[in-house]
Amino acid sequence: RKGINPQKIGETPRVGSVYAHSIYPSEDNNFLYAFDEENNFDIIVWDISDPSKPSLVSTIQWSGENTEGDAIVHNGQVRGNYLLTAYYEAGFRVFDISNPANAVEVGKYETYRDPEGKGVYERTIRTEYEGAWNLYSFLPSGNVLVSDQSSGTFIFRVDEVDVPTAPTGLTVTLLDGDARARLEWSTGNSNGKGKATGYTVKRSTSRGGPYTKIESNIIASKYTDDGLSTSSSAVYYYVVTVTN
């Protein structure tokens, strides 16, 4: 038998009170995702494009961290631009990591709190090591396996969803002596994918907001805002957002 002598190429700076339970690289091997089971950072993103000098990029926590409970992460795997995670009591969580510096949670299934998918939580988050424990995302079928300590094994199909393009080219035309404003904008996704189900119009009297919602679920790419002040000093700013 021949022995193996590992040679250190680089190391991250020491970070206190962190238990790097598991790690997983991005598909291009430029980033490393470390899962902190000590529950201080949850997920840490390292830039390892230069293995001799790894550097901290960002940290990731699930969307309900500050409103629903302090869940602990366990394991995760990268598939394309997505980070799939077994997040104990927060269940199965999916993050878009196309920008590793600003990961966004884009999908979930409550394997622990709502295993039957009824929309009612059977359990609460108590910061315990219970719930979604591990996953595997590389079956030939493309399906994802998630094991939950309390609820059993789940099989998921994880499909990308086409997101509607944000409206562009917003124009505002004043009507009836400036008492009304007609808003019109251009839509994207002309191929029918990621088609918008509606638009929301918000208005402010200050550039940059804060903006107040004045109408939502608008189907057409136009809207008329009534009841504006006709004062010469009145100024209005508008924002139009899309929903799918």
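## Tyr109 and its partner Phe154

In this predicted model, Tyr109 has a relative accessibility of 26% and therefore counts as partly exposed, whereas Phe154, with a relative accessible area of 12%, is buried. The ring centres of Tyr109 and Phe154 lie 5.9 Å apart and their planes meet at 50°, so this pair is classed as tilted. The pair links distant parts of the chain, since Tyr109 belongs to strand β8 and Phe154 to strand β11 (residues 152–156), 45 residues apart.

Tyr109 and Phe154 also belong to one aromatic cluster, which they form with Phe92 and Phe156.

## The Tyr88 and Tyr129 pair

The count of aromatic pairs in the model comes to eight. One of them joins Tyr88 and Tyr129, whose ring centres are 5.5 Å apart and whose planes stand at 80°, so the arrangement is edge-to-face, an angle over 60 degrees being the criterion. Tyr88 sits in the loop between β6 (82–86) and β7 (92–96), while Tyr129 sits in the loop between β8 (104–109) and β9 (132–136), so the pair ties together parts that are 41 residues apart in sequence.

The accessibility of these two residues can be set side by side: Tyr88, at 2% relative accessibility, counts as buried, whereas Tyr129, at 44%, counts as partly exposed.

## Arginines over tyrosine rings

Two tyrosine rings have an arginine lying over the face. Arg113 is placed over the face of Tyr121, at 4.0 Å from the ring centre, and Arg123 is placed over the face of Tyr112, at 4.9 Å from the ring centre.

How values were computed
Residues are numbered from 1 along each chain as its sequence is written. This is a predicted model: local features need pLDDT of at least 70, side-chain atom pairs count only at pLDDT 80 or more; totals for chains, interfaces and linings use all residues. Side-chain values use heavy atoms; hydrogens and water are left out. Rings of Phe, Tyr and Trp (its six-membered ring) pair if their centres lie within 6.5 Å; planes under 30 degrees apart count as stacked, over 60 as edge-to-face and the rest as tilted. Helices (H or I, at least four residues) and strands (E, at least two) are DSSP runs, numbered from the N terminus. Buried means under 20% relative accessible area, exposed over 50%, partly exposed in between (1.4 Å probe, protein chains only). A charge sits over a ring if NZ of Lys or CZ of Arg is within 6 Å of the ring centre and within 35 degrees of the ring normal.
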